[in-house]
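Trainee: Could you take me through a close look at a single part of this structure, and connect what you find there to its surroundings?

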Amino acid sequence: MPVELSYLVAFTGVAILTIVVQEVIAAFSHKPSELVGPRDDFEPTNVYLLRARRAMQNTIEAMVMFAPLVLVAHAADRFNATTELAAAVFFWARALYLPAYVLAIPLLRSTVWGVGFVATLVFFVQILPFS
């Protein structure tokens with residue numbers, strides 16, 4: 001399997017972990033009766049749960065951009081050393097994003113988000129049509 005696809009699969013694991021962390025924090029922050037319904041009136045107040053939810057939403061947004069790029073690059077046979085590096089940088093930045101966000105580590109969350117976004121842009125430029 002190409003390295004870029006391996007990083008995509010690994011990032012899916014990070015996304016799953018992000019969802020699990022958010023759910024575990026919710027389970028410890030609220031009564032089961034609050035969690036087992038449609039959650040129409042559910043207003044989380046735990047700062048860690050709010051951060052985990054935002055991290056989860058951002059992880060899904062990152063997946064929406066990164067996954068199609070990797071799949072198109074694979075289908076078009078456009079993998080190269082730069083896409084391999086961009087995928088690695090993206091993965092490791094996103095792996096650091098959840099703890100940086102949930103633990104509110106100053107500057108780290110924004111830095112790893114920016115690094116991951118730049119890696120996505122680099123990957124995008126590598127597979128642009130007509131390039």
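Mentor: Let us take the packing of α4 against α5, whose axes lie 8 Å apart and meet at an angle of about 155 degrees. Since angles over 145 degrees count as roughly antiparallel, α4 is therefore roughly antiparallel to α5, and the crossing between α4 and α5 is left-handed. Please keep in mind throughout that this is a predicted model.

On the α4 side, the residues that meet α5 include Thr 82, Ala 86, Phe 90, Ala 93, Tyr 97 and Tyr 101, while among their partners in α5 are Leu 108, Val 112, Val 115, Ala 119, Val 122 and Gln 126. Spacings of this kind can be read against the geometry of the helix: an α-helix has 3.6 residues a turn, so residues three or four places apart point the same way.

Turning to α4 itself, this helix covers residues 81–102, and because 22 residues at 1.5 Å a residue should span 32 Å, the 33 Å between its end C-alpha atoms agrees with expectation. That agreement goes together with a bend of about 25 degrees at Leu 96, with a proline, Pro 99, following within four residues; Leu 96 is also one of the α4 residues that meet α5. At the N-terminal end, α4 is capped by Asn 80, which places a side-chain oxygen 2.8 Å from the backbone nitrogen of Thr 82, and Thr 82 is likewise among the residues in contact with α5. Just past the other end of α4, Ala 104 adopts a positive phi of about 55 degrees.

The partner helix, α5 (residues 108–127), also packs against α3 (residues 47–75), here at an angle of about 25 degrees and with the axes 10 Å apart. Because that angle is under 35 degrees, α3 counts as roughly parallel to α5, and this crossing, too, is left-handed. Among the residues making the contact are Met 65, Phe 66 and Leu 69 of α3, together with Trp 113, Phe 117 and Phe 123 of α5; Trp 113 and Phe 123 also appear among the α5 residues that meet α4.

As for α3, its 29 residues reach 42 Å from the first C-alpha to the last, close to the 42 Å expected, with a bend of about 25 degrees at Met 63. Its N-terminal end is capped by Asn 46, through a side-chain oxygen 2.6 Å from the backbone nitrogen of Tyr 48, and α3 is followed by Asp 77, which has a positive phi near 55 degrees. These helices belong to a chain with five helices and zero strands.

Notes:
Residues are numbered from 1 along each chain as its sequence is written. This is a predicted model: local features need pLDDT of at least 70, side-chain atom pairs count only at pLDDT 80 or more; totals for chains, interfaces and linings use all residues. Side-chain values use heavy atoms; hydrogens and water are left out. Helices (H or I, at least four residues) and strands (E, at least two) are DSSP runs, numbered from the N terminus. The expected span of a helix is 1.5 Å times one less than its number of residues. The bend at a residue is the angle between axes fitted to the seven residues ending there and the seven starting there. A polar contact is a pair of N or O atoms within 3.5 Å; within protein, one must be able to donate a hydrogen and the other to accept it, and residues adjacent in sequence count only if both atoms are side-chain atoms. Axes are lines fitted to C-alpha atoms, for helices over the stretch in contact, and angles run from 0 to 180 degrees between N-to-C directions. Angles under 35 degrees count as roughly parallel, over 145 as roughly antiparallel, 65 to 115 as roughly perpendicular and the rest as oblique. A crossing is left-handed if the near helix is turned anticlockwise from the far one by less than a right angle, and right-handed if clockwise. Contact means heavy atoms within 4.5 Å.
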